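Work through the exercises below with the model open. Each task is followed by a stepwise solution.

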Protein chains: 2
Amino acid sequence: MPSTFQTLRWRDGAIEMLDQRVLPERQVYLSFDSAAGVAGAIKDMIIRGAPAIGCAAGYGVAVEARRVSHQSPTEFETTMSAGFAALAASRPTAVNLFWALERMKTRLHALSSQNVPARAAALLDEAHAMCREDVTLNRRMGVHGAALLPERSRVLTHCNAGALATAGHGTALGVIRSAIEAGKQVAVYADETRPFLQGARLTAWELQQDQIPVTLIADNAAGFLMSRGHIDAVIVGADRVAANGDVANKIGTYQVAVMAHRHKIPFYVACPLSTIDVAIARGEDIPIEERAAEEVLGYRGMRWAPPGIDVINPVFDVTPAQLVTALITEKGVVLAPDREKIAALFS
Amino acid sequence: MPSTFQTLRWRDGAIEMLDQRVLPERQVYLSFDSAAGVAGAIKDMIIRGAPAIGCAAGYGVAVEARRVSHQSPTEFETTMSAGFAALAASRPTAVNLFWALERMKTRLHALSSQNVPARAAALLDEAHAMCREDVTLNRRMGVHGAALLPERSRVLTHCNAGALATAGHGTALGVIRSAIEAGKQVAVYADETRPFLQGARLTAWELQQDQIPVTLIADNAAGFLMSRGHIDAVIVGADRVAANGDVANKIGTYQVAVMAHRHKIPFYVACPLSTIDVAIARGEDIPIEERAAEEVLGYRGMRWAPPGIDVINPVFDVTPAQLVTALITEKGVVLAPDREKIAALFS
C-alpha cells in the first residue's frame, strides 16, 4: 500500500518537498537547490517530522555540493562548512537532523582525495541512499510494531509520524500501515495537535488518502475517550530519544502518555535508531524548541486571541521512559526501555 | 475591581447578552425578549458557562412571561410550559440551567393566585435576584478560595470560569480576582481550550481587561509546564458536580487534573452549590454533550482539516473526585470532597 504522495522527491537537479504548511488544501511542491534554501524549509516547517528532516538535511548538503561543484577544493570546503552550519541551525530538537549531517560529513571526509564534481555526485548518492534506507527501516519497524496490535484495534496517535514525517511509510503510521497490510483492522483516532495542527491537517489527510479509517479529535478529548474505553493502544513517533529511553516528541505527547498509563493502555513509540541520541543521558537534557507566539494566537493569518497577550509556545515535551510500554525500532521491539536495553541496540 | 463589561444586562424590557462567539474581536450585545430566543442563545453559545447559563435561563422565563403577560391565565400557563421546555432543551450538561428553571417554576407556582402581569413582574424580580445572588456567591467563593493560594502564585486555568461565565466576578477567575484584591500576586496561565477556544478568546480577554497577568498556552503545553515547575495551582469551574464529588467540566479538564495529580499540584474546582447535583450519584451518569464536528474541523468559517473527515466532539469530561484537592463553594472549602462532605453542604 504505497502512499499516493511523496514527501520529498528529486527532480531536475533539485530536491522538491511537498509544502506541509498548506496541506490539506493544496498539494504544492517547492524546489530547493541550496543548503540555505533547505535550512529555511526546515525552519519554516515546509517539511517536518524527525526522519524527514534528516532526509531533507542530507539533500541540503547534496544540493549545496552540486550548486558549488565548479569551485576549487578549498572554496568548496569553506562553502560546505557554511552549508552544514546553516542546516544544523535550522531546528534544535529532532536529532535525526544532526545524525544525517554527521553521516554526510563523514562521507564527505572520506572523499577528500576526489575532485569536487565527484564529491558532489557521491554526496547526492548518499542522500538518495539515506532516503531509501529510511523507507526500508520504516517497513521493518512496521512489521515489528504490527505484531503488537490486536486483530481489531483502535489506535490513538498524536501529531504526524506518517509518510509525511519520513521518506515514506511512516514510523507510527508505518506500524498502522503494516498492521493493515497484515490483515488487521485498525481504526485511528488522530489528536488534532495544536498549535500547528499536524494531526488535523497531515495525519487526517494522509490516512484519508490511503483509505485508512480515521477520526479527528481535539487534543483535549483523548483522556475522555480513554476513560470510556475507546482506545486500545497509543502509537507516536519521536524527535529524540535519550540514552535512558526518555522520549522528546511533539508537545502534548507527555499528557497522552500519562493518560494512557492511567488507563493501562499500551503507549508505543516508533523510532528508528537514528532518533536515539545515546550522547544525551536523560530527557530533561534534550533542548526543547520554542516557536513563535503566532502559532498559538490563531491559525495562519487569522487571530482569535486578543492583541498583546503573552504566549509560551514550547513545541516538544519529554515523556519519561517509565511511561513507554515499548520502543519500536528497525532492530525490534524494546519493551520497558531503559539504559541497558538501549545500549544493547547499538552493540 | 469590578469587570469592565457585563455578561448579561437588562435594558429596554429585554435581556441583553454580550455575544461570546465574536469576542475578543467585537463587543456586541444581542437582545432577547422570548424564551425561544434565549434558548437559542444558550444553544448557540452566545452565552456559556454554567452559572451564566442559569442566569440566562432565569431571564428567559422572565422575558417570556413579560412577552405574553396580556394572555389569559390558562393561555399564559400553556405558553410558560412551552417556554420552560424550550429552555430545558438548550444544553444538557450544565446543571445550573435546570436548577434555575426549577427555581423560576417554584416561584411561578407560588404566584398562581395573582394576575398574569403581576406574575410576570415577580418572575423578572426573581431573575434579577438570581443574578445579584450569583455575584454575591462568587465573591464569597472568591474569599474562601483566595485563602488557598500562596502570596505569589502561578495558576493554570482551563476554559473560562470567569465573569463571562457568570453574572460577574467569576468562579475560578473570581478566586483569582479575590486573591489579587487581598494583595496576593497571581499570574495566570490560560489553556486555549480547544475546540471552542474559550481560554484564548474569553479568559485571555477578560483577564487582560482587568489587567491581571495572563499567559496563553496550547492545551498540550500544560503538562510540560507542570513538569518544569511553572504551575503552583490549578483552578477550574464546573458544569455539574455529582453527589460523590466527581466533576463534569469542559473537555480537557480531566487531563489537566491527572497531570496536576502527577505533579502534586493542587487542583481546585470553584463551584456554587447550584452546580452540585445531588440527584446524580457519580460522574459517569452525567450526560455529556456532543457538539458539531465543525468546531474541530477548523475555526469559524475557516477549515483546516480535509473535507469528509470523521470527528468526535464531546465537549465535557468527568474528573473523578479523587483528583480534586478541594471544591471551593460559597459555604466554604471542601477538602478531598466525597459523598458525606457534599451531603453536609446541603444540610
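Contact here means heavy atoms within 4.5 Å. This is a predicted model: local features need pLDDT of at least 70, side-chain atom pairs count only at pLDDT 80 or more, and totals for chains, interfaces and linings use all residues. Residues are numbered from 1 along each chain as its sequence is written, chains are lettered from A and ligands numbered from 1 in the order in which they are written, and side-chain values use heavy atoms, leaving out hydrogens and water.

**Exercise 1. State the confidence in chain A and in the complex.**

Step 1. Take pLDDT, the predictor's confidence in each residue, from 0 to 100. Chain A averages 97, and 99% of the residues score at least 70.
Step 2. For the complex, the predictor gives an ipTM of 0.96 and a pTM of 0.97.

**Exercise 2. Find the operation that superposes chain A on chain B.**

Step 1. Superpose by least squares on the C-alpha atoms of residues with pLDDT of at least 70 in both copies.
Step 2. Read the result: a rotation of 180° with 0.0 Å of shift along its axis, at an RMSD of 0.0 Å. That is the relation of a two-fold axis.
Step 3. Check the surfaces. Of the interface residues of chain A, 100% are also interface residues in chain B, so the copies meet through the same surface.

**Exercise 3. Describe the interface between chain A and chain B.**

Step 1. Count residues: 57 of chain A are in contact with 58 of chain B.
Step 2. Compute the buried area (accessible area, 1.4 Å probe, that two parts lose on being put together, summed over both). The area is about 4600 Å², and carbon and sulfur atoms give 63% of it.
Step 3. Locate the top contributors in chain A. Asn220(A), Gln255(A) and Trp304(A) lose the most area to chain B, together 18% of what that side buries.
Step 4. Count salt bridges (a side-chain nitrogen of Lys or Arg within 4 Å of a carboxyl oxygen of Asp or Glu). There are two between the chains. Arg194(B) and Glu192(A) meet in a salt bridge, at 2.7 Å from N to O.

**Exercise 4. Which residues do the cis peptide bonds join in these two cases?**

Step 1. In chain A, the bond joins Arg194(A) and Pro195(A), with omega about 5°.
Step 2. In chain B, Leu23(B) and Pro24(B) are joined, with omega about 0°.

**Exercise 5. Report phi for Met45(A).**

Step 1. Phi is near 65°.
Step 2. Note the sign: the value is positive, in a residue other than glycine.
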